[in-house]
Amino acid sequence: MRDTQQSHQNTNSTKAMKPITLLSLLILLPLSTSLCHLRGRPDRNSNLEILHVNSPCSPFRSSSPSWEDDILLMESKDLTRLEYLMSLVAGRSIVPIASGRQIIQSTNYIVRVKVGTPSQTMFMALDSSNDAAWMPCDGCVGCGGPGGFAAGKSSSFKSVGCKASQCAQVPNPTCSGTSCTFNMTYGTSTMSATLSQDTITLAADAISGYTFGCLQKATGTSLPPQGLLGLGRGPLSLLSQTQSLYQSTFSYCLPSYKSLNFSGSLRLGPVAQPKTIKFTPLLRNSRRSSFYYVDLVGIRVGRRVVDIPASALKFDPSTGSGSIFDSGTMFTRLVQPAYNAVRSEVRRRMGNATVSTLGGFDTCYSVPIAVPTITFMFRGMNMSLPQDNFIIHSSSTSISCIAMAASPSDGINNVLNVIANMQQQNHRVLFDVPNSRLGVAREFCT
């Protein structure tokens, strides 16, 4: 069968308004704690360090006793994040509190930002499928974790008034005196926040009057300790609030787990984005405007394009079906017919080799997996993945698994294909919102 046609899109950079902000990343899996000397390094030349939430340098890291436990933990967090993404597709406003907590914890990258005057260093998680901006504030009941943002010590902090336009853009807004407050419900638990504004500094870029939720109370199970910096397209996202600065353009390159330095970069703004890159159109779902939908038209395993029903890949705003790029999900999830086709071809190529399972991964072997590449075929571009992007190897045994799985098959959960961050590693992924396109280019991220 033929490849989908590849076409080179116009790669002219958009007009620059200021220099790029380059953000360095560190990623998960065993690191020498000697890297933690990087903590406290002053930001300079528009460089800002980003940590994986479980890196040794992160105060939010969790311990895992074995490779298998580590994989199972990440896979289980992926399931709860998928429940959250599907709830957004379905338009539901209530999510179980356990999932709600793990959803934020499952975002993989956190950034240290400076907030207020004088500045206070805070951690915020990056999430390409979310618009929210919030952080725990001092005195928050039930938030847990390190100390929150001390709003009373910032001379530039102010609460957003009830009549402000931003108040209508948060869920369940109410008035507390003259201040806008809002509640978010997760099952029987809630978190309450005051809609606020203050100066937030990303590297050398000071953004005054940035709107965010200042968390005051969390009932039920305490919320994850870090805040959230959404990279979606909604009105309160980072892109929307910094449109004149970064022109709704950013890219990231996530490093391989085998990288010696575990570092990559997030670039904000149109300057210094790659000039040679292939694009696919960004599709818009008005019901879920934050999601970065793309047109996935086929999947190739090795040289064979597998047989997937067109309905499994179809973009349909009315149901939320289609395919998205997501930075917060670890392992790619494909709707059942698409995943079955990929799995069947992998198993066919493996012949009589004994297949085993590990947690949610159902195609594991104790011999080398004989699949050189898997290619996601999008309208206008192909994204070819070498084995490092789709096979996970045990560090202590000979087990290897295909690092993809089927989307949950219940109800609305079976309509969304999620291109996750392991499959994006060592690729520059460019989100060019003004031109409604997403670009991908192979890049060694360290």
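Which residues form one aromatic cluster with Phe 250? The partners of Phe 250 in this cluster are Tyr 252, Tyr 292 and Phe 431. The structure in which they are found is a predicted model, and the sections below go from the protein as a whole to a few of its side chains.

## The protein as a whole

The protein has 446 residues, and buried residues make up 57% of them. Its secondary structure consists of seven helices and 29 strands. The surface that the protein exposes comes to about 17,700 Å², and carbon and sulfur atoms supply 51% of this area.

Contacts between residues with a separation of 6 or more can be divided according to how far apart the partners stand in the sequence, and 70% of these contacts in the protein are accounted for by residues 24 or more positions apart.

## Aromatic pairs

Two aromatic rings count as a pair if their centres lie within 6.5 Å, and a pair is called tilted when its planes are neither under 30 degrees apart, which would be stacked, nor over 60, which would be edge-to-face. By this rule the protein has twelve aromatic pairs. One of them joins Phe 291 and Tyr 293, whose ring centres are 6.1 Å apart and whose planes meet at 45°, so this pair is tilted. Phe 291 has a relative accessible area of 0% and is therefore buried, and Tyr 293, also with a value of 0%, counts as buried too.

A further pair is made by Phe 325 and Phe 378, and because their planes stand at 40°, with the ring centres 5.6 Å apart, this pair is tilted as well. Phe 325 belongs to strand 18 (residues 322-325) and Phe 378 to strand 22 (residues 373-378), so that the pair, with its members 53 residues apart, links distant parts of the chain. Both Phe 325 and Phe 378 are buried.

## A charged side chain over a ring

What lies over the face of Phe 279? The residue in question is Arg 437, which is placed at 3.8 Å from the centre of the ring of Phe 279.

## A buried aspartate

Asp 205 is found in strand 10, which covers residues 205-218. Is Asp 205 buried or exposed? Its relative accessibility is 4%, and because a residue under 20% is classed as buried, Asp 205 counts as buried. The side chain of this buried residue has a polar contact, at 2.8 Å, with the side chain of Tyr 246.

Technical notes: Residues numbered from 1 in each chain as written. Predicted model: local features only at pLDDT ≥ 70, side-chain atom pairs only at ≥ 80, totals over all residues. Heavy atoms only, no water. Helix = DSSP H or I, 4+ residues; strand = E, 2+ residues; numbered from the N terminus. Buried < 20%, exposed > 50% of the residue type's maximum accessible area, 1.4 Å probe, protein only. Polar contact = N/O pair within 3.5 Å; in protein donor to acceptor, adjacent residues only side chain to side chain. Contact = heavy atoms within 4.5 Å. Areas by Shrake-Rupley, 256 points an atom, 1.4 Å probe, with all protein chains shown as cover. Phe/Tyr/Trp six-rings, centres within 6.5 Å; stacked < 30°, edge-to-face > 60°. Lys NZ or Arg CZ within 6 Å of the ring centre and 35° of its normal.
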